[in-house]
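User: Please take a close look at the surroundings of the ligand, and then describe the sheet and the loops of the chain.

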Amino acid sequence: MSKKILILPGDGIGPEIVGEAVKVIEALQNSHGLDVEIEHGLLGGCAYDAEGDPYPQSTQQKAAAADAILLGAVGGPKWEAIEREMRPEKGLLRIRADLNLFANLRPAMLYPELAAASSLKPELVAGLDIVIVRELTGGIYFGQPRGIEGEGDARLGYNTMRYRVDEIERIARAGFETAMRRGKKLCSVDKANVLEVSELWRETVTRIGGEYPEVELSHMYVDNAAMQLVRSPKQFDVIVTGNLFGDILSDIAAMLTGSIGMLPSASLNEQGKGMYEPVHGSAPDIAGSGKANPLATILSLAMLLRHSLERGDLAGKIEAAVGQVLANGLRTADIAAAGESTVNTSEMGAAVVAALQ
Ligand code: NAD
């Protein structure tokens, strides 16, 4: 039976970059025997405009029926002034929670051709290949109580960072499993010197480590981890951490690679269903101009094929095709060095499709 992929283009550059990934899917259907059905849905600002809800029921139903979801990005200035519950980003948080996508895998890999694009010295980042496993459905972004209360000078804003043992156990296992498929090194990042929630985190990760004797486990405070990522990033293989720390560290890792337009991500639940999306946002500043780099989305499709559709063979082909177009010198504006000529979004997509053949 064919697998179902739900496509959620979203807002801003979302439809442009997802359009290129769809061309890659079609090429794989035509020439590599990929057996999938594609459906489209609305998420984010476009869904609010059309149906009055950033994660409408129509999308909830399609998401429940899909084997995997490919998302562009959501958000933009158009929706910044509407009530918080209806903002595009809320739709994103809701679909992650609805599908229980608790594990966010963000690889940060530097293609050798782009070593000069990093803000770090090429020798520090050349050959960089790390994965950050971020807890995505708990922690301070969801913890209750939260709010703003009081009047005048006494107004008080507060949030709560909390993790239950079972939430820590499952993300720890996701971290260890990822490490087992790679270099067998896992660094757990927390703030156990200050936060009780981190004390429980560290104790639990250490206990789960007993199930993975082959993996070398270390612990690091988040402030040090931020420093180490820019000082000597290649010391890491896999990092596992909570929602807030992972949000920040994965953006640092993104910058190490030179372009946020190159980085894919996967968010998985316990059944292996996943939502796959580029790390970047909807880039309203370049939407509609043909400048968006579609490679992060195309590489997200590769992760989708590997993690949710068991087609690691086709994932490898896409990754090789991306390597090939970079080796051939094709660059979108975000990854071009000064003076280098550039291609637009659809030319980059077409080049990947051609390299697949
Ligand atoms: P952004 O990632 O959209 O853009 C940051 C910078 O990177 C911009 O200069 C942009 O032009 C550039 N950029 C991003 N993706 C690119 C690509 N594929 N090719 C070339 N250049 C690219 O972050 P932002 O500007 O902080 O946020 C814009 C909107 O996106 C906001 O509404 C934000 O809430 C939303 N956002 C959504 C997601 C998501 O959907 N997962 C993630 C982050 C931000």
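Analyst: A polar contact is here a pair of N or O atoms within 3.5 Å. The model is predicted, and the distances below are computed from its atoms.

With that cut-off, His280 makes a polar contact through its side chain, a polar atom of which lies 3.1 Å from a nitrogen atom of the ligand. Val74 and Gly76 contribute through the backbone instead: a polar backbone atom of Val74 is 2.9 Å from an oxygen atom of the ligand, and a backbone N or O atom of Gly76 is 3.0 Å from a ligand oxygen. The ligand on its own would expose 810 Å², of which the protein buries 68%.

The shell around the ligand contains 20 residues, and those that come nearest are Glu89, Gly281, Ala283, Asp285 and Asn293. Sorted by class, this shell comprises nine nonpolar, seven polar and four charged residues.

The sheet may be considered next. Ten strands form an open sheet with mixed pairing, in the order β2-β1-β3-β12-β11-β4-β5-β10-β8-β9. Strands β2 and β9 (216-221) occupy the edges; each has a single partner strand, so one side of each has no neighbour in the sheet. From one strand to the next, the twist averages 20°.

At the β2 edge, β1 (residues 3-10) and β2 (residues 36-40) run parallel and are joined by five bridges. Within this pair, Leu6 has Glu39 of β2 as its bridge partner. Between the two strands the chain passes through helix α1 (residues 14-31), giving a β-α-β crossover that is right-handed.

An antiparallel pairing is found between β4 (residues 103-109) and β11 (residues 264-268), where three bridges join the strands. Here Ala103 stands opposite Leu268 of β11. Such pairing, whether parallel or antiparallel, is made through backbone hydrogen bonds.

Two features of backbone geometry in the loops remain. Most residues other than glycine have a negative phi, and most peptide bonds are trans. Asn100 has a positive phi, near 60°, although it is not glycine; this residue is located in the loop between α4 (88-98) and β4. The peptide bond from Gln144 to Pro145 is cis, its omega being near 0°, and Pro145 belongs to the loop between β5 (129-135) and β6 (147-149).

How values were computed. Residues numbered from 1 in each chain as written. Predicted model: local features only at pLDDT ≥ 70, side-chain atom pairs only at ≥ 80, totals over all residues. Heavy atoms only, no water. Near = heavy atom within 4 Å. Polar contact = N/O pair within 3.5 Å; in protein donor to acceptor, adjacent residues only side chain to side chain. Areas by Shrake-Rupley, 256 points an atom, 1.4 Å probe, with all protein chains shown as cover. Nonpolar A, V, L, I, M, F, W, Y, C, P; charged D, E, K, R; others polar. Pairing = 2+ DSSP bridges. Helix = DSSP H or I, 4+ residues; strand = E, 2+ residues; numbered from the N terminus. Right-handed = clockwise from strand over helix to strand, strands pointing away. Axes fitted to C-alpha atoms, helices over the stretch in contact; angles between N-to-C directions.
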